[in-house]
Amino acid sequence: MIKRQATTPAEPRKDALVAAAYQILATRGFEGLRTREVAAAVGVNIATLHYYFPHKEDLIRGVVAYAMGRFRGTLGGAGSAEDQLRAHFRGLRRLSGDEPELFTVMAELAIRGVRDPSLRKIVGGTDDAWRAMLRTLLRRARDEGAVAEDLDPDGMAAVIVATLKGTFMLPASEPANVERTFRQLETLVGLRSKRTATASGRAKR
């Protein structure tokens, strides 16, 4: 079920339309998304939907913006770059368990985007933003000495995004496989080894 974010009173219908489109994409895929059905699900006519979203692509942008808002909730916060990377992985783990439809929707749009240039541009922009964020955090973590000096932030960011997108595009991704993927990525970055070493050091004290 979509989790509503804080909104202004002036736009409840707009948010409801995005929520309805999101649910249809999650359950029936892109081919099942019909603007008239989205409008009917909210109890408004098609003219009202077009007032907020003149084109279907605008509605898709609204859905992507919502989804990215959920992903952004795993970013930021206080602490070092290492802390923020760990928090990001923890947040993605949590989302994969609590909101699997979020990944279903993004996978559906990514797959459709292969054949749809306008949709590919919308989804591609989110991937670019994700990679840029990861590059920044990985570069900072390297400068702080939290990961290996020879780590390539650009390459590692690309690996993380491609690996996780591929994992969540698989139908009914098993939780155990998802967890294994996260653990391997953390090991590749150097986060798990450092955490284990720190824990061992504490145990010896």
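Let's start with how helix angles are named: under 35 degrees counts as roughly parallel, over 145 as roughly antiparallel, 65 to 115 as roughly perpendicular, and the rest as oblique. This is a predicted model, so local features need pLDDT of at least 70 and side-chain atom pairs pLDDT 80 or more, while totals for chains, interfaces and linings use all residues. Residues are numbered from 1 along each chain as its sequence is written, and side-chain values use heavy atoms, leaving out hydrogens and water.

Now look at H4 and H7, two helices (DSSP runs of H or I, at least four residues, numbered from the N terminus). They pack at an angle of about 20°, with axes 11 Å apart; axes here are lines fitted to C-alpha atoms over the stretch in contact, and angles run from 0 to 180 degrees between N-to-C directions. H4 and H7 are therefore roughly parallel to each other. Where they touch (heavy atoms within 4.5 Å), Glu57, Ile60, Arg61, Val64 and Met68 of H4 meet Ser118, Leu119, Ile122 and Thr126 of H7.

Next, find H6. Its 14 residues, 100-113, should span 20 Å at 1.5 Å a residue (times one less than the number of residues), and its end C-alpha atoms are indeed 20 Å apart. The buried residues of H6 (under 20% relative accessible area, 1.4 Å probe, protein chains only; exposed is over 50%, partly exposed in between) include Leu102, Phe103 and Met106. Helices H4 and H7 are among those that the buried residues of H6 pack against.

Finally, zoom in on Val105 in H6. Val105 counts as buried because its relative accessibility is 0%. Leaving aside residues up to four places away in sequence, Val105 touches Tyr22, Leu25, Ala26 and Val63.
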